[in-house]
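Here's a quick briefing to read alongside the model. Have the sequence and the 3D view open as you go.

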Amino acid sequence: MALRTRITERLGIEHPIVQGGMMNVGYAELASAVSNAGGLGIITALTQPSPQALRDEIERTKAMTTKPFGVNMTIFPTVNSPDYKAYAQAIIDGGITIVETAGTQAVREIWEMLRPHGVTILHKCTAVRHALSAEKAGCDIISIDGFECAGHPGEDDIPGLILIPAAADKVKIPMLASGGFGDGRGLAAALALGADGINMGTRFCATEEAPIHDKVKQAYLDNDERGSLLIFRAFKNTARVGRSAVSQEVVRRLSKPDAVFDDVRELVSGVAGKELLQTGDLSKGVFWAGMVQGLIHDIPTCHELINRIVADAESIIRKRLYDMIV
Ligand SMILES: Cc1cc2nc3c(=O)[nH]c(=O)nc-3n(C[C@H](O)[C@H](O)[C@H](O)COP(=O)(O)O)c2cc1C
């Protein structure tokens with residue numbers, strides 16, 4: 001048995017489950033494991049230090065799976081912007097046919113580069129109005145990220161229970177529900193709310209194949225649904241990270257009325273975050289994590305996780321919900 005949706009059809013995958021782009025986690029090991037399990041694995045372009053390194057990572061992923069996989073390209077305003085177009089060229093040269101984008105409107109220049117090469121554009125956004133604008137601008141699939149999500153939930157604070165059906169009412173192209181998904185109940189609910197599949201980040205970090213330290217995986221298990229914090233609210237660049245002594249210190253420092261980014265720079269740097277993921281030393285920095293931590297209780301393989309999610313969703317739809325109808 002399988003669940004067939006517009007997402008499985010459009011992406012040529014077995015199950016309607018996508019692994020979202022994840023900085024310093026989305027390497028070939030994880031992406032290929034998700035794709036081999038019938039979902040869509042995604043490697044993260046900017047995790048690679050150069051466009052050439054991305055070319056190599058694409059080849060490494062191809063050697064590990066014959067199934068479809070994608071590349072994430074996230075564009076946020078930074079002090080030293082990478083050469084996004086050179087990364088996009090590496091994606092084209094690598095023959096990639098699915099790209100997940102996220103971030104500012106600048107991603108649209110990247111779409112213009114990718115589209116003539118037949119690339120399917122999956123765009124992640126956090127508001128219905130942004131989804132409609134991306135649809136109008138020609139993207140192929142929307143991934144709508146609710147307030148629960150790890151990473152950047154936007155500034156509207158609308159949870160998935162409202163955001164997903166509100167988007168489904170208006171968006172015509174296939175849509176993934178993202179933020180807060182981790183089990184079969186979530187998949188069944190997302191489909192009921194009008195999505196065509198789910199996108200997961202945090203849940204895939206707690207799998208055997210996720211290339212991060214066991215102590216970080218344990219932190220995802222130890223944290224419950226209250227185990228994330230919002231930082232950078234005052235800068236209108238809200239980010240959801242795992243609750244830890246460091247993230248609590250970031251919140252404390254930024255709660256002062258005259259706080260500036262420099263007050264926390266060393267605590268939140270990308271270099272520190274990467275070191276944390278590799279060493280498992282949670283005192284090094286902050287780590288991205290969503291509210292779904294409250295639903296994570298084990299560290300399965302991606303194959304076990306995806307099969308379990310799909311089997312549970314099927315049984316909820318076929319049995320639990322069906323049996324309620326009298
Ligand atoms: C460790 C980690 C790193 C992430 N890095 C990125 C990133 O570089 N670009 C991006 O668009 N989203 C990033 N995300 C967000 C995910 O792609 C996804 O949208 C989000 O995790 C969904 O919410 P969930 O964690 O509740 O499943 C990251 C998430 C995690 C957990």
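Is T120 buried or exposed? T120 is buried, because its relative accessible area of 10% falls under the 20% cut-off. Keep in mind that this is a predicted model. From T120 we'll move out to the domains, the nonpolar cores and the ligand.

**T120 and its surroundings**
- You'll find T120 in strand β5, which covers residues 120-125.
- The T120 side chain has a polar contact with the R10 side chain, at 3.5 Å.
- Leaving out residues up to four places away in sequence, T120 touches R10, L11, T97, I98, V99, D140 and I141.

**Domains**
- The domain assignment splits the protein chain into domain 1 (6-212 + 297-321) and domain 2 (214-291).
- Measuring sticks aside, the C-alpha centres of domain 1 and domain 2 sit 22 Å apart.
- Where the two meet, 24 residues of domain 1 and 19 residues of domain 2 take part in the contact.

**Nonpolar cores**
- As a general backdrop, nonpolar side chains tend to be buried together in soluble globular proteins.
- Here, the largest nonpolar core counts 74 residues, and I17, L54, M73, L114, I142 and F204 have the most contacts inside it.
- Helix α14 (residues 302-321) supplies the largest share of this core, with seven residues.
- Both domain 1 (6-212 + 297-321) and domain 2 (214-291) give residues to this core, so it lies between them.
- Zooming in on I142, its contacts include H123, C125, A131, A134 and E135, again not counting residues up to four places away in sequence.
- Also touching I142 are V171, I173, P174, M175 and L176.
- There is a second, separate core of 12 residues, with F232, V250, V264 and L267 among them.

**The ligand site**
- The ligand has 22 residues around it, and those that come nearest are G21, T74, K124, G180 and T202.
- G21 places a backbone N or O atom 2.7 Å from an oxygen atom of the ligand.
- K124 uses its side chain instead: an N or O atom there is 2.7 Å from a ligand oxygen atom.
- A150 has a backbone N or O atom 3.5 Å from an oxygen atom of the ligand.
- On its own the ligand has 610 Å² of accessible area, and the protein covers 94% of that.
- Elements giving two or more residues to the shell around the ligand are β3 (69-75), β8 (197-200) and α9 (202-205).

Notes: Residues numbered from 1 in each chain as written. Predicted model: local features only at pLDDT ≥ 70, side-chain atom pairs only at ≥ 80, totals over all residues. Heavy atoms only, no water. Core = buried A, V, L, I, M, F, W, Y, C linked by side-chain atoms within 4.5 Å. Buried < 20%, exposed > 50% of the residue type's maximum accessible area, 1.4 Å probe, protein only. Helix = DSSP H or I, 4+ residues; strand = E, 2+ residues; numbered from the N terminus. Domains from an automatic or database assignment. Contact = heavy atoms within 4.5 Å. Near = heavy atom within 4 Å. Polar contact = N/O pair within 3.5 Å; in protein donor to acceptor, adjacent residues only side chain to side chain. Areas by Shrake-Rupley, 256 points an atom, 1.4 Å probe, with all protein chains shown as cover.
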